[in-house]
Amino acid sequence: MSELQRDILDCIGNTSLLALRNIVPKNGSRILLKLESENPTGSLKDRMALAMIEAAEADLRLTAGGSVVEYTGGSTGVSLSLICAVKGYPLHIVTSDAFAREKLDHMKVLGARLQVVPSESGRMTGKLTRDMVEAARVIAAKTGSFWTDQLNNKDQLAAYHKMAQEIWIQTDGRIDGFVQSVGTAASLRGIGEALRCHNERIRIVAVEPSESPVLSGGQPGAHKIDGIGAGFVVPLWQGDLADQIERVSTGEAVAMAFLLAREEGLFAGASTGANVIAALRLAEQLGPRATIVSVMCDTGMKYLRIYGTALGKEGVADDAGAR
């Protein structure tokens, strides 16, 4: 009998790297996607959530009988809910109706207690992020819970350093560019800096919503790409790490997500769609022998209601804007 896993947390990481077959650059270069949908909750956030909790356990910020609090657009909350369920920590999540209902339901099923902050017409804004952060801070102060504070927590970077090492091994070191959308900026920073330790010439590209292009010097605005585009420059962002910043609209990202499902069989969220659009743009810049790696951030199963609504709109998947 092969070795059994100790628990579901041992199933986090070591995800597949897949080359796109049909949605490809015209110049013949390669785009590879790291399939983070293979993690237990279907998201790359499983990696960082586990890293934050284990680091807090190691230095006794979190001990037996303790509890955890976090603000989240959903995926981090689902990942923390899984980990806290396995480890036995009560979890209080601050989230919003701006995010996919499937994520909120998933957190509840895993035992998390939710405080839902109302949004402006279901849109993500900088004010909403700040309101959620403040609500989490108040809960942590009142209850004495360990606040993971993902916007500021550097413990998560170790998880992304490990992910970068997986990418390096899977590509045999043949990687010319890395593309990732920016939420907390931890994944772009952690993976980018670790890949640069292997090869400083790897081009690092950040992706943000064109409706709220604050990283590239624009004005904050509202968008509907779950998990990215906080509406302000996040603390973990390092502007000198990214060689360029690509702006992708919500419409383009959603259209590409549909295209990935229909032409590659990859059912992903809009942030993945944004990643692929930016990766296609970078591939055209780097030339026919380039290999670009990006991330399938999560599974589209987290967005079934949103996609169901979009399917009712004519032409939603007709143009991904960058193919």
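# Burial and Pairing in a Predicted Model

Visitor: Is R189 buried or exposed?
Guide: In this predicted model, R189 has a relative accessible area of 11%. A residue counts as buried when that value is under 20%. R189 is therefore classed as buried.

Visitor: With which residue does R189 form a salt bridge?
Guide: Side chains of opposite charge can pair when their charged atoms come close. For R189, the closest N and O atoms of the pair are 4.0 Å apart. The partner lies four residues away in helix α6, so about one helical turn separates the two. That partner, at 22% relative accessible area, is partly exposed; the residue is E193.

Visitor: Which residue meets R137 in a salt bridge?
Guide: The partner sits in helix α4 (residues 126-143), as R137 does, and the two are three residues apart, about one turn of the helix. R137 is partly exposed at 38% relative accessibility. The N to O distance of the pair is 2.6 Å, and the partner is E134.

Visitor: How many residues apart in sequence are the parts that E252 and R281 tie together?
Guide: The side chains of E252 and R281 meet in a salt bridge of 3.8 Å, N to O. E252 belongs to helix α7 (residues 250-264), whereas R281 belongs to helix α8 (residues 270-286). The pair therefore ties together parts whose separation in sequence, in residues, is 29.

Visitor: Which residues are joined into one network by salt bridges that share partners?
Guide: The count of salt bridges comes to 17. Some of them share partners, and one network formed in this way joins K34, E36, R47 and E166.

Visitor: Why is strand β8 largely enclosed by the rest of the structure, and how many of its residues are buried?
Guide: Strand β8 covers residues 203-209. It pairs in the parallel sense with strand β7 (residues 177-181), and also with strand β9 (residues 244-248). β8 is largely enclosed because, of its seven residues, the number buried is six.

Visitor: Which residue of β9 is the bridge partner of P209?
Guide: Five bridges join β8 to β9, and five join β7 to β8. On the β7 side, G177 has R203 of β8 as its bridge partner. On the β9 side, the partner of P209 is V248.

Visitor: Which helix belongs to the β-α-β unit with β7 and β8?
Guide: The two strands run parallel. Together with a helix of residues 186-198 they make a right-handed β-α-β unit. R189 and E193 lie in that helix, which is named α6.

Visitor: How many residues has the largest nonpolar core?
Guide: In soluble globular proteins, nonpolar side chains tend to be buried together. Here, I53, V94, F178, I191, L195 and W237 have the most contacts inside the largest nonpolar core. Leaving out residues up to four places away in sequence, W237 touches V182, A185, L188, A206, L215, A242 and I245. Apart from this core lies another of 36 residues, with V207, M256, L260 and A279 among them, whereas the residue count of the largest core is 69.

Visitor: With which side chain does the side chain of T291 make a polar contact?
Guide: T291 is found in strand β10 (residues 291-296) and counts as buried at 5% relative accessibility. Its contacts, leaving aside neighbours within four places in sequence, include L32, R174, I175, D176 and G177. The polar contact of its side chain spans 3.3 Å, and the partner is R30.

Notes: Residues numbered from 1 in each chain as written. Predicted model: local features only at pLDDT ≥ 70, side-chain atom pairs only at ≥ 80, totals over all residues. Heavy atoms only, no water. Core = buried A, V, L, I, M, F, W, Y, C linked by side-chain atoms within 4.5 Å. Buried < 20%, exposed > 50% of the residue type's maximum accessible area, 1.4 Å probe, protein only. Contact = heavy atoms within 4.5 Å. Pairing = 2+ DSSP bridges. Right-handed = clockwise from strand over helix to strand, strands pointing away. Polar contact = N/O pair within 3.5 Å; in protein donor to acceptor, adjacent residues only side chain to side chain.
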